[in-house]
Amino acid sequence: MNARHPLGLAPSKIIAVHLNYRSRAAERGRTPSAPSYFLKPPSSLSCHDAVIERPAGCRLMAFEGEIALVIGRAARGVRPEQAMAHVRWITAANDAGVYDLRYADRGSNLRSKGADGFTPVGPVLLDPASVDLSNLRLRTWVNGTPVQDASTAELIFPFDQLIADLSRLMTLEAGDIILTGTPAGASVVEPGDVVEVELGTTGRLANPIVDAPAPLAPYGAMPRFTEADRADAYGGVSDEARPRHLDARTAALLNGVSTATLSSVLRKRGLEHMFIEGVRPARPGLRLLGTAHTLEYLPLREDLFAARGGGMNAQKRAVEEIGPGQVLVIGARGEAGSGTIGDILALRALRRGATGIVTDGGLRDSPSFAALDLPTYHGPAHAAVLGRRHVPWAVGVAVACGGVLVEPGDVLVGDGEGVIVIPPGIAADVAVEAAEQERQERFIYAQVAAGAPIEGLYPLGPARKAEYQAWSAALKEESP
């Protein structure tokens, strides 16, 4: 396909950067400390006016307007100050993909991003010396409506750093293409939509979306997606994603009910294992409420700790990437023989807007937490530093904490009894039901205190419903 590209492009490889615009990092809820990449096959290369086929069975076809660098002469081991001398052209690109197949090659994006035609580039090539690379405008439209508008001034990693980084380990050959990341606003498109990407004022790279004419043969993974994938595709919340904020009403209701009541409500919905076991509050008077930002610890292996434990490791990244309204949830396998976080990192999380910490491992510097305005739930106190029992492994993945599977974005509520996890999709309904249940229980408690027998009262039976409703109505009238 590349040999027929109207601009004469014929890359030996197409390299794409995962996160590189600050606005996109804010959407995703994390800012990388170093660039990361994936490969797209040269056969994915396409051009202006070429259709992009959505594979049969897929529903989450997404666009990503990007700036493409085209290497002009081989680069191997170049320094940043030399890097742009190896770039011959820059142009607009659309890093298209389907989230429905992302699970199949998690991390590599081979099938989700590598299908034929999924990398349109054009419509013209620009000499990088002819433009201001430090403030170059990139815009995207869908059906004529602006959806992305950003400048290279918000790049996390500039072009020269990308080239220098990649050339440390591989030769960038003449014709190779580097897709340099997308800004906020990338989302899902449907057959019949037209995506247009423009770099500067050079004309728009336009590509219509169509459904593939034939079904996808069942020889391998077939399209499927989770609600997290759907949210991620639409630029919203995902397993690796940005902070989720509870709406004010749901937050207020959850702050007013106990974890015991929430446990009862969740059990009615078939969720039996949502209470995090074996943790206690460092300050019992503080309530915890927020959405999960996860950190995974794996058992210590000394040969791996050297690479994983030093520098900006997963523990430090988790703290530096946490956002307002999030709770740091540490999966430490219930290991009590080492601390998992101490007061300095906890203070940093608090300054970044975190609303709590939950770890099923040990807590270091535990006396300091008694004065820290950050609700923290933990296993035993332990003075040991990181590296005694744990390797900090991953941020933004599902973790097991106190016997509960916690995904990024899950809602956590904590009180003096402990912490409970609520799936985000049902949090609002659970909050309303729990508030109603506690209102009924206050009525029941008042009746029992006055000497009423339990039968027909607890649980509230039909004979007492009218009395309860009158009591509840009077209570609402008294409320300001």
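Is S46 buried or exposed? Open the model, which is a predicted one, and select S46 to find out.

**Stop 1: S46**

You'll find S46 in strand 3, which covers residues 45–46. With a relative accessibility of 4%, S46 counts as buried. Now show what surrounds S46. Setting aside the neighbours within four places in sequence, S46 is in contact with H5, G117, T119, P120 and V121.

**Stop 2: a three-strand sheet**

Next, select residues 61–62, which make up strand 5. Strand 5 belongs to an open sheet of three strands, in the order 8-5-13. The pairing in this sheet is antiparallel. Which strands sit at the edges? They are strand 8 (97–98) and strand 13 (188–189), and each of them pairs on one side only. Zoom in on strand 5 and strand 8: two bridges hold this antiparallel pair. To see one partnership up close, pick A62, whose bridge partner in strand 8 is G97.

**Stop 3: strand 10 and its partners**

Move on to residues 137–142, which are strand 10. How many of the six residues in strand 10 are buried? Five are, so to speak of this strand as mostly covered is fair. Add strand 11 (residues 145–151) to your selection: strand 10 and strand 11 pair in the antiparallel sense over six bridges. Along this pairing, W141 stands opposite P146 in strand 11.

Strand 10 and strand 11 form a hairpin with two residues between the strands. Click on N143 in that hairpin, where phi is positive, near 55 degrees.

Now bring in strand 14, residues 194–199. Strand 10 and strand 14 run antiparallel and are joined by five bridges. For a marker on this side, look at T140, which stands opposite V197 in strand 14.

**Stop 4: strand 19, wrapped up**

Select residues 326–331 to light up strand 19. Six of the six residues of strand 19 are buried, so the rest of the structure largely encloses this strand. Try colouring its two faces separately. Q326, L328 and I330 lie on one side, V327, V329 and G331 on the other, and all of them are buried.

What does strand 19 pair with? One partner is strand 18 (residues 288–299), which runs parallel to strand 19 and is joined to it by six bridges. Here L295 has I330 in strand 19 as its bridge partner. Another partner is strand 20 (residues 356–359), also parallel, with four bridges to strand 19. In that pairing, V327 stands opposite G356 in strand 20.

**Stop 5: T340 in its loop**

Follow the chain out of strand 19 and you enter the loop that leads to helix 10, where T340 has its place. At 1% relative accessibility, T340 counts as buried. Who keeps T340 company? Leaving out its neighbours within four places in sequence, T340 is in contact with Y297, Q315, I330, A332, T359, G361, G362 and H390. I330 should ring a bell: you coloured I330 on one face of strand 19.

**Stop 6: two helices side by side**

Select helix 9 (residues 314–321) and helix 10 (residues 343–351). Their axes come within 8 Å and cross at roughly 25 degrees. Angles under 35 degrees count as roughly parallel, which makes helix 9 roughly parallel to helix 10. Show the side chains where the helices meet: Q315, V319 and E320 in helix 9 face L345, R348 and A349 in helix 10 as contacts. Sorted by class, this contact has three nonpolar, one polar and two charged residues. Q315 is also one of the residues in contact with T340.

**Stop 7: the aromatic rings**

For the last stop, measure a distance in your viewer from T340 to W471. The two are 131 residues apart in sequence, and their C-alpha atoms are 48 Å apart in space.

The structure holds three aromatic pairs. One of them is F443 with W471, a tilted pair with 5.4 Å from centre to centre and 55 degrees between the planes. F443 lies in helix 12 (residues 427–449) and W471 in helix 13 (residues 462–478), so this pair ties together parts that are 28 residues apart in sequence.

Are F443 and W471 buried or exposed? F443 counts as buried, at 1% relative accessibility, whereas W471, at 25%, counts as partly exposed. Finish by adding Y468 to the selection: ring pairs link F443, Y468 and W471 into a cluster.

Technical notes. Residues are numbered from 1 along each chain as its sequence is written. This is a predicted model: local features need pLDDT of at least 70, side-chain atom pairs count only at pLDDT 80 or more; totals for chains, interfaces and linings use all residues. Side-chain values use heavy atoms; hydrogens and water are left out. Axes are lines fitted to C-alpha atoms, for helices over the stretch in contact, and angles run from 0 to 180 degrees between N-to-C directions. Angles under 35 degrees count as roughly parallel, over 145 as roughly antiparallel, 65 to 115 as roughly perpendicular and the rest as oblique. Contact means heavy atoms within 4.5 Å. Ala, Val, Leu, Ile, Met, Phe, Trp, Tyr, Cys and Pro count as nonpolar, Asp, Glu, Lys and Arg as charged, and the others, Gly among them, as polar. Two strands pair if DSSP finds at least two bridges between them. Rings of Phe, Tyr and Trp (its six-membered ring) pair if their centres lie within 6.5 Å; planes under 30 degrees apart count as stacked, over 60 as edge-to-face and the rest as tilted. Buried means under 20% relative accessible area, exposed over 50%, partly exposed in between (1.4 Å probe, protein chains only).
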